[in-house]
Amino acid sequence: MDKKSEEFYARLKQELTDSTLWPSEYLFKFIVPSLPANVEKVEDAFNNMGAVIETNQSKTGKYTAVSINVRMVSAQSVIDKYIELSEIEGIISL
């Protein structure tokens, strides 16, 4: 992970720690290229966590928006999910 990413995640963790009482519901939002494997990887990352997952394909069909509402135990667990999913080619975290 590069220094810019490390600084971003450190700042996000601090903001999440300061603003949220953990465990708490957290809404993840991602945009991925509309390849079935990409959407499946995102969904699989939250498998067996009781997550509510919604997907919406763009008008052109090139991209799929994925929203995941799930109970997370800590700010660090949120960061860990973002890092885990950052391996998916073309993913954008919102």
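**Exercise 1. Place I53 and work out how open its strand is.**

I53 sits in strand β2, residues 52-57. Helices (H or I, at least four residues) and strands (E, at least two) are DSSP runs here, numbered from the N terminus. The model is predicted, so local features need pLDDT of at least 70 and side-chain atom pairs count only at pLDDT 80 or more, while totals for chains, interfaces and linings use all residues. Residues are numbered from 1 along each chain as its sequence is written, and side-chain values use heavy atoms, with hydrogens and water left out.

Step 1: get the exposure class. Buried means under 20% relative accessible area, exposed over 50%, and partly exposed in between (1.4 Å probe, protein chains only). I53 has 30%, so it is partly exposed.

Step 2: check the whole strand. Of the six residues of β2, zero are buried, so the strand lies largely in the open.

Step 3: list the touches. Contact means heavy atoms within 4.5 Å. Not counting residues up to four places away in sequence, I53 touches E43, F46, V66, S67 and I68. For I68, 15 residues apart from I53 along the chain, the C-alpha separation is 4.5 Å.

**Exercise 2. Find the partner of β2 and describe the pairing.**

Step 1: count bridges. Two strands pair if DSSP finds at least two bridges between them. β2 and β3 (residues 63-72) have six, and they run antiparallel.

Step 2: pick out one bridge. Q57 has T64 in β3 as its bridge partner.

Step 3: look at the turn. β2 and β3 make a hairpin with five residues between them, and G61 in that turn shows a positive phi of about 80°.

**Exercise 3. Is F30 buried or exposed, and what does F30 touch?**

Step 1: locate F30, which lies in strand β1 (residues 24-33).

Step 2: classify it. The relative accessible area of F30 is 1%, so F30 is buried.

Step 3: go through its contacts. Leaving aside neighbours within four places in sequence, F30 meets a list of residues including V42, F46, T64, V66, I68, Y82 and L85.

Step 4: try a distance. F30 and M72 are 42 residues apart in sequence, and their C-alpha atoms are 17 Å apart in space.

**Exercise 4. Hunt for backbone oddities in the loops.**

Step 1: check omega. The peptide bond joining W22 and P23 is cis, with omega about 0°. P23 is in the loop between α1 (3-19) and β1.

Step 2: check phi. N48 isn't a glycine, yet its phi is positive, near 65°. N48 belongs to the loop between α2 (36-45) and β2, and at 77% relative accessibility N48 counts as exposed.
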